[in-house]
Amino acid sequence: MPHPDEPSALAYTARRVRRHLRWARTEGIRRLVEEDRLDPVERARTALAKRRWRRAHPGPPGQAVPVYLVGLQRSGTNMLTRGLDADPSVEVRNENDRAVFHRFRLRPDPVLTAAIRRSRHRFVLVKPLCDTHRVDELLGLAGVAPGRALWAYRDVDDRARSEVAKFGDANLRALRAIADGTIGDRWQGQRLDPSVRELVAGFDHDRMTPHTAAALFWYVRNSLYFSLGLADRPDTLLCSYDALVADPAGHTRRLCAFLDLPYDPVLHAHVGARTPPRPRLEIDPRVRALCTALTGRLDALAGRPETVEHG
């Protein structure tokens, strides 16, 4: 039965079509194909490599280690997913996988557990971005091997720019609902500290721009990394998108060491040269200060080689 807050199937499909059309206009068809992994040749090549791996490693199902890729939308998670998907020992369950997800939310835990237990791969990569607030619970999911988590984050301006380009004012609408108490049990308002809710309510959302809202939402969701106690957990790795594009080999080696995967340059072959930094967005100074402070904390824990000036 659909959730009462969910749009109808027709409205949901229409919204997705409009979003993809806007994305295609602003970023180009090629970017859309890459974003949604629509290239049939690439998909067939990946599937064949994984089939060969299973034949070469004929172990029983039920041994796979779940790896949860979490964080915030538009934070480079597709780039990380594509890299790990290049390793044939990794089975990928992306957020559009209907067997495990319903409208980008995880299905009930027994469904996820069954999918992981059926796998004959070494790892099952699951990308539950809308369920990031549950990652501490998912790491202890009963019936499967102890999981690991990758928390991805990205420069706040680049993330805000990408968010607004694809989703418009979605973050602004979510923040307004958090502030006025109408968010219900939608994922955007889950497991937020009272202080964070109070902070969000202290802004004038009628005067807030979509880019400022996207930056504030970046702060709200990435703050969960600390409020959920993940900073001190050895089973969680903080992954900076900006570190990956600046040093693909170094970042990938760090990721492989965490997962105990053999390093292979093919895992970052898709990471292109970094584009020159774009001008900073006009973001409310109060929000800018919050994001700058949180960026510093995240960068320090992610092992960034140098401190980046964030406004």
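# A walk through the inside of a predicted model

Let's begin with a pair of strands: E1 and strand E6 (residues 148–153) run parallel, and five bridges join them. Within that pairing, Tyr 68 stands opposite Ala 149 of E6. Before I go on, please keep in mind that this is a predicted model.

E1 has another partner as well. With strand E5 (residues 123–126), E1 pairs in the parallel sense over four bridges. One of the matches there is Val 65, whose bridge partner in E5 is Phe 123.

So how many of the residues of strand E1 are buried? Seven of the seven, residues 65–71, so the strand is largely enclosed by the rest of the structure. If you look at E1 face by face, Val 65, Val 67, Leu 69 and Gly 71 are buried on one side. Pro 66, Tyr 68 and Val 70 are buried on the other, which leaves both faces covered.

Let's follow Tyr 68 a little further. Tyr 68 is one of the residues with the most contacts inside the largest nonpolar core, together with Leu 112, Val 135, Trp 151, Leu 175 and Trp 218. That core has 59 residues. Helix H10 gives the most to this core, with eight residues. Apart from it lies another core, of 23 residues, and Val 65, Leu 84, Leu 150 and Tyr 241 are among them.

Now take Leu 175, from that list of well-connected residues in the largest core. Leaving out residues up to four places away in sequence, Leu 175 touches Val 200, His 205, Met 208, Ala 213, Leu 216, Phe 217 and Val 220.

Val 200 brings us to helix H9, residues 194–201, where the buried residues are Val 196, Leu 199 and Val 200. Why do we say that these buried residues line one face of the helix? Seen down the axis of H9, they fall within an arc of 95 degrees, so they share one face. Here is the background: an α-helix has 3.6 residues a turn, so residues three or four places apart point the same way. On the other side of H9, Pro 194 and Glu 198 are exposed. The buried residues of H9 are covered by elements including helix H8 (170–180), helix H10 (210–222) and helix H14 (285–302).

Next, a loop residue. Asp 131 sits in the loop between E5 and helix H6 (135–138). Is Asp 131 buried or exposed? Its relative accessible area is 2%, and buried means under 20%, so Asp 131 counts as buried. Asp 131 touches Phe 104, Arg 105 and Leu 106, again not counting residues up to four places away in sequence. Asp 131 and Gly 71 are 60 residues apart in sequence, with 9.0 Å between them in space, C-alpha to C-alpha.

Last, the empty spaces. The structure holds three cavities of 30 Å³ or more, and the largest has about 80 Å³ of space. Its lining includes Met 79, Leu 80, His 251 and His 270. Helix H4 gives the most to that lining, with four residues.

There are pockets too. The second largest pocket holds about 280 Å³ of space. Twelve residues line this pocket, and Glu 42, Arg 45, Thr 46, Ala 86 and Val 266 lie nearest its centre. Which helix gives the most to the lining of the second largest pocket? That is H3, with four residues.

Thanks for listening!

Notes:
Residues are numbered from 1 along each chain as its sequence is written. This is a predicted model: local features need pLDDT of at least 70, side-chain atom pairs count only at pLDDT 80 or more; totals for chains, interfaces and linings use all residues. Side-chain values use heavy atoms; hydrogens and water are left out. Buried means under 20% relative accessible area, exposed over 50%, partly exposed in between (1.4 Å probe, protein chains only). Helices (H or I, at least four residues) and strands (E, at least two) are DSSP runs, numbered from the N terminus. The arc is that of the directions from the helix axis to the C-beta atoms. Contact means heavy atoms within 4.5 Å. A nonpolar core is a set of buried Ala, Val, Leu, Ile, Met, Phe, Trp, Tyr and Cys residues joined through side-chain atoms within 4.5 Å. Two strands pair if DSSP finds at least two bridges between them. On a 1 Å grid over the protein atoms alone, a cavity is a set of points where a 1.4 Å probe fits but cannot get out, and a pocket is an open set with protein on both sides within 12 Å along at least five of seven lines; lining residues have an atom within 4 Å of a point. Grid points are joined across faces, edges and corners, and a volume is the space filled by probe spheres set on the points.
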